[in-house]
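Thanks for making time, everyone. Please look at the sequence and the model on the screen while I talk.

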Amino acid sequence: MKKIVFAAIAFCVMTVSAQSQTSAKKILVAYFTMPESGGVDAVAGASRLVIGGKVSGNVEFVANCIQKATGGDMFAIGTIQTYPGEHQPLLEAAQHEQKTNARPRLAAHITGLQNYDTIFIGYPIWWYDMPMPLYSFFDEYNFAGKRIISFIVHGGGGVFDTVEKIIALEPEAAVSKESFVVSRNNVARCERDVTAWLRGLGMVR
Ligand SMILES: Cc1cc2nc3c(=O)[nH]c(=O)nc-3n(C[C@H](O)[C@H](O)[C@H](O)COP(=O)(O)O)c2cc1C
């Protein structure tokens, strides 16, 4: 009898520990960024950051802050085609994509999506909307059952209805409306705000 009780307890312990191992889900920080080669430091109000000689996109900068605070994995949403580095041609290319409802082909794909339960998704506002590669991204993945939290950089115009669009594109995901939103003029000094926001969401490791 004792043996049976002991075996039953051992089985329960093994089952619980196996479950806790498989349920150790992770955070992914996915982002799209397009620093302009013709820009200057965003502190001066343009569209890229230069910190310690390293050029970084504004969204990329916020993605790095989130990664540092949460310990999540990083995923850059890149496209196979390249975008013009200069401001005016980039504006035109992005507008053309939007007008034609394009779905630019993505250069990389998330591996092990099932291992993530929270996906941070970062993007700049392009022509009052998400850049079209974000639509390719949401077409590619079904984030059902996952928590989606967005972080958004704009040039002064705000986020428009992009979070509502994500909700419509991913109806089975739990899309948070508590996005982190920052104007590019304030990106270089936003790390503290990012950490405070993450703390409020219970996401700081
Ligand atoms: C093609 C394009 C369109 C843009 N459209 C808008 C816009 O409609 N509203 C706005 O506030 N900012 C707009 N911006 C500004 C960007 O949102 C801003 O520069 C952002 O920081 C870019 O992020 P990144 O450096 O990570 O690519 C636009 C920028 C580009 C390049």
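I'll go from the overall fold to the strands, the core, two helices, the ligand and a few loop residues.

One caution before the details. This is a predicted model.

Start with the fold. The protein chain has six helices and eight strands. Along the sequence, the order reads α-β-β-β-α-β-α-β-α-β-α-β-β-α. The chain holds 205 residues, and 31% of them are buried. Now the contacts. Take those between residues at least 6 apart in sequence: 78% of them join residues at least 24 apart.

Next, the strands. How do β1 and β5 pair? They pair in the parallel sense, over six bridges. β1 also pairs with β4, residues 73-76, again in the parallel sense, here over four bridges. Tyr31 lets you see both pairings. Its bridge partner in β5 is Gly122. In β4, Tyr31 has Ala76 as its bridge partner.

Move to β6 and β8. These two run parallel and are joined by four bridges. His154 stands opposite Ser183 of β8. Stay on β8, please. Its side chains alternate. Phe180 and Val182 point to one face and are buried. Val181 and Ser183 point to the other face and are not buried.

Now the core. In soluble globular proteins, nonpolar side chains tend to be buried together. Here, the largest nonpolar core has 40 residues. Which of them touch the most other members? Val29, Ala30, Val62, Ile66, Ile119 and Phe120. Many elements feed this core. Those giving two or more residues are β1 (26-31), α2 (58-70), β5 (116-124), α4 (132-140), β6 (147-154), α5 (162-169), β8 (180-183) and α6 (191-200). α2 gives the largest share, six residues.

Zoom in on Ala30. Leaving out residues up to four places away in sequence, Ala30 touches Phe75, Ile77, Ile119, Phe120 and Ile121.

Two helices deserve a closer look. Take α4. Its buried residues are Met132, Pro133, Leu134 and Phe137. They pack against α3 and β5.

Then α5. Its buried residues are Thr162, Val163 and Ile166. Why do I say they line one face of the helix? Look down the axis of α5: the buried residues fall within an arc of 105 degrees, so they line one face. Their packing partners are α4, β6 and β7, residues 174-175. Now turn the helix around. The face of α5 away from the buried side carries the exposed residues Glu164 and Ala168.

On to the ligand. How many residues surround it? There are 23, and Gly57, Val59, Pro124, Gly155 and Gly157 come nearest. The elements giving two or more residues to this shell are α2, α3 (87-99) and β6. By type, the shell divides into 12 nonpolar, eight polar and three charged residues. Keep α2 in mind here. This helix contributes to the ligand shell, and it also gives the core its largest share.

Last, the loops. Most residues other than glycine have a negative phi. I have two to show you that go the other way.

The first is Asn101, in the loop between α3 and β5. Its phi is positive, near 50 degrees. Is Asn101 buried or exposed? It counts as exposed, because it has 8 C-beta neighbours inside 10 Å, and the cut-off for exposed is 12 or fewer.

The second is Trp127, in the loop between β5 and α4. Its phi is also positive, about 50 degrees, although Trp127 is not a glycine. Trp127 has 15 other C-beta atoms within 10 Å, so this residue is partly exposed.

One more loop residue, and I'm done. Asn185 sits in the loop between β8 and α6. Asn185 is partly exposed, because 17 other C-beta atoms lie within 10 Å. Now look across to Val153. Asn185 and Val153 are 32 residues apart along the chain, and their C-alpha atoms are separated by 9.4 Å.

To recap the strands: β1 pairs with β5 and with β4, while β6 is joined to β8. That's the tour. I'll take questions now.

Terms used. Residues numbered from 1 in each chain as written. Predicted model: local features only at pLDDT ≥ 70, side-chain atom pairs only at ≥ 80, totals over all residues. Core = buried A, V, L, I, M, F, W, Y, C linked by C-beta atoms within 7 Å. Buried ≥ 20, exposed ≤ 12 C-beta atoms within 10 Å, placed from the backbone. Contact = placed C-beta atoms within 7 Å. Near = placed C-beta within 6 Å. Nonpolar A, V, L, I, M, F, W, Y, C, P; charged D, E, K, R; others polar. Arc of directions from axis to C-beta. Pairing = 2+ DSSP bridges.
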